[in-house]
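Work through the exercises below with the model open beside you. Try each task before you read its solution.

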2 protein chains.
Amino acid sequence: MYQYEYPHFAIATDVALFTLLGDELKLLLIRRRGAPFKGSWALPGGFLRTDDATLEECAARELSEEAGVSGFFLEQLYTFGDQGRDPRERVISVAYYALVPGEGLTLTARTDADAAAWFPADALPELAFDHAQIIQLARQRLASKLDYSTVAFQFLPDEFALSDLQRVYEAVKGEQLDKRNFRKFILGLGLVEPTGNERRGGPSRPAKLYRAKTGHRLEYFR
Amino acid sequence: MYQYEYPHFAIATDVALFTLLGDELKLLLIRRRGAPFKGSWALPGGFLRTDDATLEECAARELSEEAGVSGFFLEQLYTFGDQGRDPRERVISVAYYALVPGEGLTLTARTDADAAAWFPADALPELAFDHAQIIQLARQRLASKLDYSTVAFQFLPDEFALSDLQRVYEAVKGEQLDKRNFRKFILGLGLVEPTGNERRGGPSRPAKLYRAKTGHRLEYFR
DNA sequence: GCAAAAGTGTTGCCGATACACCCATGG
DNA sequence: CCATGGGTGTATCGGCAACACTTTTGC
């Protein structure tokens, strides 16, 4: 038994995980099985354990445990610690946002798969706790990071067509972009290179495929 | 005595408080009176208490208690929670940065004033914990926020000359700016208005004074 | 041959930069 | 009258937005 000089609190991480399915930005939600907010939709997340070496590790663990997802990009967003944001006791929540390529999602591999689902980011249900606020902040951050970093690549597999990348920008920003200007912009950054492969099979001209020069590391430009 | 389902942790806030003194960006440091890192310089900060309604309130309280400062702008920066960042026990630290006008600093009003001191932001001593990392992050954030927000006003009193504002930009970014272009930039934003007053008394032409149109609320442009 | 998506250049405009001199005051 | 900082305009350049047609494939 320990005696502490200062009060201690529960720490949690909550993660807003986005992906692109078709032309639409999607967000992963979990249906809560316990109180409080039992039956409500909420962000995946959970309490920090002593064997989580870092907060990020905690967030990643919850994402794979609760949602059966892996291979995501993860970045800290903001920390919420107001009194009363959790009705049980004071919980300090470190919010993250995460991105996965739309391809190869392993949601179905989970035992209780129906408890997790992708929602259109523009049509979310009522959410538990202050999760609506977290999501709003995550979307803002995401949209502004498109303008000065390579976050967009995190939505795509290693090989992608420029039109795939454009679909990411359009879905996240919620506006149409001019194809020629977009290509000039991306190629002008000098951060992608052709792989030499093409994507065939569609009823149209094959698309040249590219990869991020830096692998999938986040780069800042501007 | 309570039994918790999950482990609980100490939460702290640490604050990087900047001001402009003369032409130089300064950072406030506190000399630690207790273990660990006794005698080292550190950021002002301390543990979250149950009567702090918000994390921000905790940060503000510590700033006024430890440093005797008030009237600052305060914004959350990042949360550090790795194992081992505090040798005593695991401490989750929510880092903030804060800005005060160089005028009217009340540091001297403190009882143990010699325990707190302003250091040139470019010449800091060895620091306790991971505080050097926090400060580096704060400076980056600050410098980039100059480009798309009105944070700079937070370094200035209500009335200021355009050259004061320019000194802020130069100190934070660490580079000289062209006076004419700078004024065009600021006036072009349309976020300041002349107060009608002048600052006389120097051995030079009096400077017209301005105020932020929005009061001291943070605005985003671009 | 037709539907569907890929690919490709030029022009105009606006915002950012570079640059040097006169002005008003206090001492 | 001199030292100090305040105040002002123009020309150039480069990046960004607007804009439409041809190409390659699968069926």
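## Exercise 1: A salt bridge in chain A

Find how the side chains of A:Asp147 and A:Lys173 meet, and place both residues in the chain.

Step 1. The two side chains form a salt bridge, with N and O 2.5 Å apart. The term stands for a side-chain nitrogen of Lys or Arg within 4 Å of a carboxyl oxygen of Asp or Glu.

Step 2. The pair links distant parts of the chain, 26 residues apart. A:Asp147 sits in the loop between α2 (131-146) and β8 (160-161) of chain A, and A:Lys173 in helix α3 (residues 162-173). Helices (H or I, at least four residues) and strands (E, at least two) are DSSP runs, numbered from the N terminus.

Step 3. Now check exposure. A:Asp147 is partly exposed, at 33% relative accessible area. A:Lys173 is partly exposed too, at 27%. The scale is: buried under 20%, exposed over 50%, partly exposed in between (1.4 Å probe, protein chains only).

A note on the source: this is a predicted model, where local features need pLDDT of at least 70 and side-chain atom pairs count only at pLDDT 80 or more, while totals for chains, interfaces and linings use all residues. Residues are numbered from 1 along each chain as its sequence is written, chains are lettered from A and ligands numbered from 1 in the order in which they are written, and side-chain values use heavy atoms, leaving out hydrogens and water.

## Exercise 2: More salt bridges

Find the partners of A:Arg200 and B:Arg139, then look for a network.

Step 1. A:Arg200 pairs with A:Glu198 at 2.7 Å, N to O. A:Arg200 is exposed, at 62%, whereas A:Glu198 is partly exposed, at 42%.

Step 2. B:Arg139 forms a salt bridge with B:Asp122, and their closest N and O atoms are 2.7 Å apart. B:Arg139 lies in helix α2 (residues 131-146) of chain B, and B:Asp122 in the loop between β7 (116-120) and α2, 17 residues apart. B:Asp122 is exposed, at 69%.

Step 3. A network of salt bridges links A:Arg49, A:Asp51, A:Asp52, A:Arg61, A:Glu62 and A:Glu65.

Step 4. The count over all chains is 34 salt bridges.

## Exercise 3: The surface near DNA strand C

How many residues surround DNA strand C, and which are the closest?

Step 1. There are 22, and the closest are A:Ser163, A:Lys179, A:Arg183, A:Lys208 and B:Gly202. A residue is near a strand if one of its heavy atoms lies within 4 Å of it.

Step 2. Sort these residues by class: five are nonpolar, six polar and 11 charged. Ala, Val, Leu, Ile, Met, Phe, Trp, Tyr, Cys and Pro count as nonpolar, Asp, Glu, Lys and Arg as charged, and the others, Gly among them, as polar.

Step 3. Look at single atoms. A polar side-chain atom of A:Lys184 lies 2.9 Å from a base oxygen of the strand. A side-chain N or O atom of B:Asp178 is 3.3 Å from a base nitrogen.

Step 4. α4(A) gives the most to this surface, with four residues.

## Exercise 4: Relating the two chains

What rotation superposes chain A on chain B?

Step 1. The rotation is 180 degrees, with 0.1 Å of shift along its axis and an RMSD of 0.1 Å. The fit is by least squares on the C-alpha atoms of residues with pLDDT of at least 70 in both copies.

Step 2. The two copies are therefore related as by a two-fold rotation axis.

Definitions and conventions:
Polar contact = N/O pair within 3.5 Å; in protein donor to acceptor, adjacent residues only side chain to side chain.
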